[in-house]
Amino acid sequence: MKTRPALFFLFLLLLLTLSGCVSYTDKPINASVTASGLEARTLADPGLREFFKANLRQEGFSWPPANWDLTRLMLTAFYYHPDLDVTRAELGFAEAGSITAGMRPNPTVNFSPQFNSNALASVSPWTMGWSLNVPIETAGKRGYRLDQAKHQTDAARFKLLNTAWQVRRRVRVTFLAFYVAQTKREALQKQADIQARLVDLLAHRLSAGAVSQPEVTLAHLALQQSQLLLAETQREHAEAKVLLASSLGLPVQALDGIAFSFDAFSRLPPDESLGGDRLRRLALVNRADILKALAEYDASQSALHLEIAKQYPDIQMNPGHQWDQGENRWSLGVSLKLPILNQNEGPIAQAEANRKLASATFLALQNQTLGDIDQSVTGFRMASNKLTIAEALLASREKQQGAVTAQFNAGETDRLALTSADVELISIQLARLDAWNRAHQALGLVEDALQRPLNAELDHPSPSNPPRPEGTSE
């Protein structure tokens, strides 16, 4: 039979096609195993060391660090935090979408043997036929799909950058809160100790008849209030440590015995460095979320192009062959959909509406960013002014404290007056700490609005979030 070579060729082609198929690999998740892995995370992980070495770019790199500053903590969060793993996976999904968009439609083959029960004895009763369907896309649809997938991949990449910035922001916020709670706890502990000495002094004077009972009672109430504030601050410090560990993607026990450096909070940028049009302009065109919205708009443009191109039907080429009772019959067919009942009006209208939505979303985000910048800069300036006043009051109080100490050393005043002055000084120090904290919180809001570190002299890691080195643990 003359059709056998052709059938053999088709069968061989089918086998070769199937041999290139991807096989499924099962990857089950065991909740107990993953939980144990999360609880076992530490700052001594070898993969973290390699990540630091690749991204810190410091001469004389040593491990482990003598102390953990804001830069090292940010890099730790870039390595461990699960939010980045999620957005990395979303980026991988978008990149795989580019493969899907670029695929060309496969041809199909039809094999249709027929048996003629009324055939003459001298003629074979079998009729063998096959046909090949070759789809041909028209109007550049594949190119528009590829453009749309590229823009969606760009949007996923910018989402990853934006997520990295949000991870950085949480590390800064929680590290600042941890430092403030620690400093406040130390100050309140000192205040409670001084207040207790003041109560003892007044109790001795009461027994000598030098003071009245109400004065001692007020001192006792002040001591109790200091102790309550100290207990509350100890709770805040413990919670701040938990939140800091969570912002790093670590269990809280991973921070036990760790020495921290708070040099990143040692200074504030000058007010004049925040109001420049250059920084405002950079934020309006370079923030990761703005670039993401712009990429989504470009994707909506490509989607509209694709839907318009779908008005034009694709072509199906249908070559075939039939062996009919000793005769070879060849055919060449062409088929296409007729755009009579609809011309893809609905999807085109939806794509146009989606493009308008993407445009409005982009402009709204830019407008919100502009408002956030103005609001945060104004808030920082007000907080900075308040800090200046608080520091002036503290300097004045320290000067008075020096005078009281000098009088005590000269025998011109007693220890009660000196102890009372110590209590007042710590109260002013706590007020200054609150103003300092608000100023640094306001600075963080400015950085978030600009998505740019403002203390340029500090070595901030870029939130571009380089991937983990190969071979590190998950």
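**Figure 1. Overall view of the predicted model.** The protein exposes about 27500 Å², and carbon and sulfur atoms supply 57% of that area. The model shown is predicted. Its secondary structure consists of eleven helices and five strands. Of the 474 residues, 36% count as buried. Among contacts between residues at least 6 apart in sequence, 79% join residues at least 24 apart.

**Figure 2. Strand β4 and its pairing with β3 and β5.** Strand β4 covers residues 315-324 and runs antiparallel to strand β3, residues 126-136. Eight bridges join β3 to β4. In this pairing, T127 stands opposite D324 of β4. Strand β4 is also joined to strand β5, residues 327-336, by ten bridges, and these two strands run antiparallel as well. Here H321 stands opposite W330 of β5. In a regular strand, side chains alternate between the two faces of the sheet.

**Figure 3. Surroundings of M317 in strand β4.** M317 is placed in β4. The relative accessibility of M317 is 24%, so the residue counts as partly exposed; the range for that class begins at 20% and ends at 50%. The C-alpha atoms of M317 and N133 are separated by 5.6 Å, although the two residues are 184 apart along the chain. Residues up to four places away in sequence are not counted among the contacts of M317. The residues that M317 touches are L132, N133, V134, I136, L332, G333 and V334. Of these, N133 is also the partner in the C-alpha separation given above.

**Figure 4. Helix α4 and the helices around it.** Helix α4 spans residues 70-80 and is mostly covered, with eleven of its eleven residues buried. The buried residues are L70, T71, R72, L73, M74, L75, T76, A77, F78, Y79 and Y80. They pack against four helices: α3 (46-55), α5 (82-102), α6 (141-207) and α7 (213-248).

**Figure 5. T76 within helix α4.** T76 is found in α4. Its relative accessible area is 0%, and therefore T76 is buried; the limit for that class is under 20%. Its neighbours within four places in sequence are left aside in the contact list. Beyond those neighbours, T76 is in contact with L43, L48, F52, W68, L248 and L250.

**Figure 6. Packing of helices α6 and α11.** Two packed helices are described by the angle between their axes and the distance between the axes. For α6 and helix α11 (residues 415-450), the angle is about 170° and the axes are 9 Å apart. Helix α6 is therefore roughly antiparallel to α11, as angles over 145 degrees are classed that way. By class, the contact of α6 with α11 has 17 nonpolar, ten polar and ten charged residues.

**Figure 7. Crossing of helices α8 and α9.** Helix α8 (residues 277-286) and helix α9 (residues 288-309) have axes that come within 6 Å and cross at roughly 40°. This angle makes α8 oblique to α9. By class, their contact has six nonpolar residues, one polar residue and no charged residues. On the α8 side, the residues in the contact are A283, L284, V285 and N286. These residues meet A288, I290 and L291 in α9.

**Figure 8. The peptide bond between W63 and P64.** W63 and P64 are joined by a cis peptide bond, for which omega is about -5°. P64 is found in the loop between α3 and α4.

**Figure 9. Positive phi at A139 and Q451.** A139 lies in the loop between β3 and α6. Its phi is near 65°, a positive value in a residue other than glycine. A139 has a relative accessible area of 39% and so is partly exposed. Q451 is found in the segment after α11. Q451 has a positive phi of about 50°, although this residue is not a glycine. The relative accessibility of Q451 is 15%, so Q451 counts as buried.

Methods:
Residues numbered from 1 in each chain as written. Predicted model: local features only at pLDDT ≥ 70, side-chain atom pairs only at ≥ 80, totals over all residues. Heavy atoms only, no water. Pairing = 2+ DSSP bridges. Buried < 20%, exposed > 50% of the residue type's maximum accessible area, 1.4 Å probe, protein only. Contact = heavy atoms within 4.5 Å. Areas by Shrake-Rupley, 256 points an atom, 1.4 Å probe, with all protein chains shown as cover. Axes fitted to C-alpha atoms, helices over the stretch in contact; angles between N-to-C directions. Parallel < 35°, antiparallel > 145°, perpendicular 65-115°, else oblique. Nonpolar A, V, L, I, M, F, W, Y, C, P; charged D, E, K, R; others polar.
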